[in-house]
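Q: I have a new model open and I'm not sure how to read it. Could you walk me through its features one by one?

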Amino acid sequence: MEQTTIHYIKEAARKLQNCQLQGNNYSEASQHLNKIADALNFQNTNEAAVFAITFTRMAEGAYTDMSDIAQHIGCSSMDILEYTAALSHLSKTGFIKAHGRRESNIIRQDFGIDDVVSSAIIENRPVEVKGNVANSSISKYDFCSVVGEDVEDSVISTETLINNASEMEKKCQHLLFINKLKSLVPDLEDRILYYDICYDAFSKYSGSKRSVTDISKTVTDIYTDYHKIVTVRRSLNEDSHPLMKAGLIERQDNEIVRLTHKGMELFFEEDLSAFCSSLKCKDVYEFVYNINEFVHDTNEFDCDDKEYRLFDFLEEIETTNTHLPTIANIQKTIKDIKDRVLFYIIASNTVDDIETNLSREVIVLWQRRRRKQILESFKNKKSALQKYGLVNIEKSTSLWGERTYVELSDKGKELVFGEDAVFYICDEVSKDLLQPEKINEKSLFFSSELESQLSLVRNSLMEDNYRNLCERLEEAHLPKGMNILLYGEPGTGKTESVLQMAKASGRAILHVDISDTKTCWFGESEKLIKKVFTNYKSLCEKSALKPILLFNEADAVFSKRKDSNSSNVAQTENAIQNIILEEMENMEGIMIATTNLADNLDGAFERRFLFKVHFDKPTTEAKKSIWQNKIPMLSDADALSLASQYDLSGGQIDNIVRKSLMQQIIAGEDPTLDSLTKLCNEERIHTKSNSKVGFGK
């Protein structure tokens, strides 16, 4: 009966066991080995012996390496080295297949029988092999595992490590990332370091943070020459290593390196999302959120060289998201990367409705050497974000001291959010905004001296004159702001004058309600008054004509400053005044304040008003004109009589005219000199100087 190939394999393996390559058993084994070689077209009996032992061990559920073959035969590992060529040829022809992660070192590599080959032998069919295609099945993870484990193997010399890595690269040319890496990093030794860092990146991945590599241990594992160790460590610490220049790795600190996002993309390719979040964002909201998260994640960003890592990350995420037109617009507007990163942080906080504490963010973002420089630029209003009008600065005083907060201006919101900016631009000024078309036109009558002053102010507010004036002031390096004070007796036409000047010049009025800026909460009043000026600046940006900021009856905030040690209220009022003084100093619009108590005006305010217009009680001639304007039926004589006899303000005359109109409607009586005289007498409140108040005997 003709024996099958599997019979010869079984008998050969049995005879080879402990034969020590000599004696009768070896001779009998050789006969079976020849049968195997003939059946499978092997080159020699050595190949048949390796194949028979490997096949037998596979049947027992075990893989085989050279030491297993030596143990089976019962000889030393040195004696079995002559079988290395047979093992290599069987692997190349596809009869056996490498298993595990050490294919670069064939002596220690595990092998098994190819499934197609074993099935044919078991079924007694002809064996057809198409050559070894095992190399093309080696994944990038297996490849880096081989190199990484060789790096960690203290027995392997640097020369052997380099040779093994070179052989692995040749066998794995199907791996695209190797070919790309060669074009970026020509030196094999540098590539070995990259392979080892990649090995750490996936073998030590914890599921949350990117894995890191210990510089000292890795460099010492690769090199035995101390001069080389020091040279490589220095290049890593100085960020001059070729892998760093190629942007593939980065230092987390002086002892730790890891893959950059670019380095991860090169190796992981389509598997990247399994090891880190993709930097590609679906919209600008995700974009600014990712930057904010990176900056405030202490594990990611708490390192000695934070600026290097921050700039590298920002460049990567901006480059990855060129599909977002917003990013290109921001880069075009804000040239400096330092300014852009802060802008992105403020934008992210805007989405979450969180205040941005400027000093805190500067501490998080920058090393100590740069913090002062950044804060000074904001203090001196030289920050690019301020120059371009993208942010507003607010100061707030609390029990813990003064804090500086920064927020996006409307212009900044439009830059980052585009059409969505309307959702973040608060239209809270509209309720306090009086448009010129809503103002009723009125005739006002003043003395010639007062009219001359008001005429200058009025003409200065006409747009052509105002624009020319601002240009000339800027050329002369003088403040462009126009601060105007109208002061004097109540009811003398101060407020109405502002209204009529606004109507004549086509300007809206942003009215400040002083009571709305005062709260019982410590530090809140300062924020509210600061918000007034922030809203005004925002309104100026959006308006064709600069509006008028009106502090009407501003005695409470423009009065002399108090002793700050007297009370918390005094501290708050002084803080509010300091804010207003600073804003007046830097005003680039039109601010008008009216007050009845000019004598109580603080000197610091007085110096900052360009125009100071005094409103006294109207002259007799002015009062005569007011009477006739209000009641046209009055004769010159009657109007003059009322003007001469009663020292009334324009506001008081208005009251009398209103009551006269009421009598005309209710009683059907036209106003007469007598009825108006009676109303004039009633308008004045008379007090007796000798009246006693309190208890007396």
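A: Let's start with the naming: helices (H or I, at least four residues) and strands (E, at least two) are DSSP runs, numbered from the N terminus. With that, E437 can be placed in the loop between β9 and α24. This is a predicted model, where local features need pLDDT of at least 70, side-chain atom pairs count only at pLDDT 80 or more, and totals for chains, interfaces and linings use all residues. Residues are numbered from 1 along each chain as its sequence is written, and side-chain values use heavy atoms, with hydrogens and water left out.

Q: How many helices and strands does the protein have?

A: The secondary structure comes to 34 helices and 14 strands.

Q: Is E437 buried or exposed?

A: Buried means under 20% relative accessible area, exposed over 50%, and partly exposed in between (1.4 Å probe, protein chains only). E437 has a relative accessible area of 58%, so it is exposed. In space, its C-alpha atom is separated by 9.2 Å from that of R507, although the two residues are 70 apart along the chain.

Q: And is E47 buried or exposed?

A: E47 counts as buried, because its relative accessibility is 2%. You'll find E47 in helix α3 (residues 45-59). To see its surroundings, look for contacts, meaning heavy atoms within 4.5 Å. Leaving out residues up to four places away in sequence, E47 touches F42, A86, H89 and L90. Across the protein, buried residues make up 48% of the 697 residues.

Q: Which residues of helix α14 are buried?

A: They are H261, G263, M264, L266, F267 and F268. That is six of the eight residues of α14 (residues 261-268), so this helix is largely enclosed by the rest of the structure. Just after α14, E269 takes a positive phi of about 50 degrees.

Q: How do I read a sheet?

A: Strands of a sheet pair through backbone hydrogen bonds, either parallel or antiparallel. Here, two strands pair if DSSP finds at least two bridges between them. Try the open sheet of three strands, with the order β3-β5-β4 and antiparallel pairing. Its edge strands are β3 and β4, each pairing on one side only. Two bridges join β3 (residues 213-214) to β5 (residues 256-259), while four join β4 (residues 249-253) to β5. A hairpin links β4 to β5 through two residues. Look at I256 in β5: D214 has it as a bridge partner, and D253 stands opposite it too. Elsewhere in this pairing, E250 has R258 of β5 as its bridge partner.

Q: Which helix lies across those strands?

A: Helix α10 (residues 188-203) lies across β3, β4 and β5, running at about 85 degrees to β5. For such angles, axes are lines fitted to C-alpha atoms, for helices over the stretch in contact, and angles run from 0 to 180 degrees between N-to-C directions.

Q: What is the strand order in the open sheet of six strands?

A: The order is β9-β11-β12-β13-β10-β14, with mixed pairing. At the edges stand β9 (433-434) and β14 (611-615), each with a single partner strand, so one side of each has no neighbour in the sheet. Inside the sheet, β11 (residues 509-512) and β12 (residues 548-551) run parallel and are joined by four bridges. L510 is paired with L549 of β12 there. Helix α24 (residues 448-461) lies across β10 (482-488), β12, β13 (590-595) and β14, at about 140 degrees to β14.

Q: Which residues have the most contacts inside the largest nonpolar core?

A: A nonpolar core is a set of buried Ala, Val, Leu, Ile, Met, Phe, Trp, Tyr and Cys residues joined through side-chain atoms within 4.5 Å. The largest one has 50 residues, and L549, F551, F558, I580 and M591 have the most contacts inside it. Helix α27 (residues 524-542) gives the most to this core, with six residues. Apart from it lies another core, of 47 residues, including V185, L193, I249 and L266.
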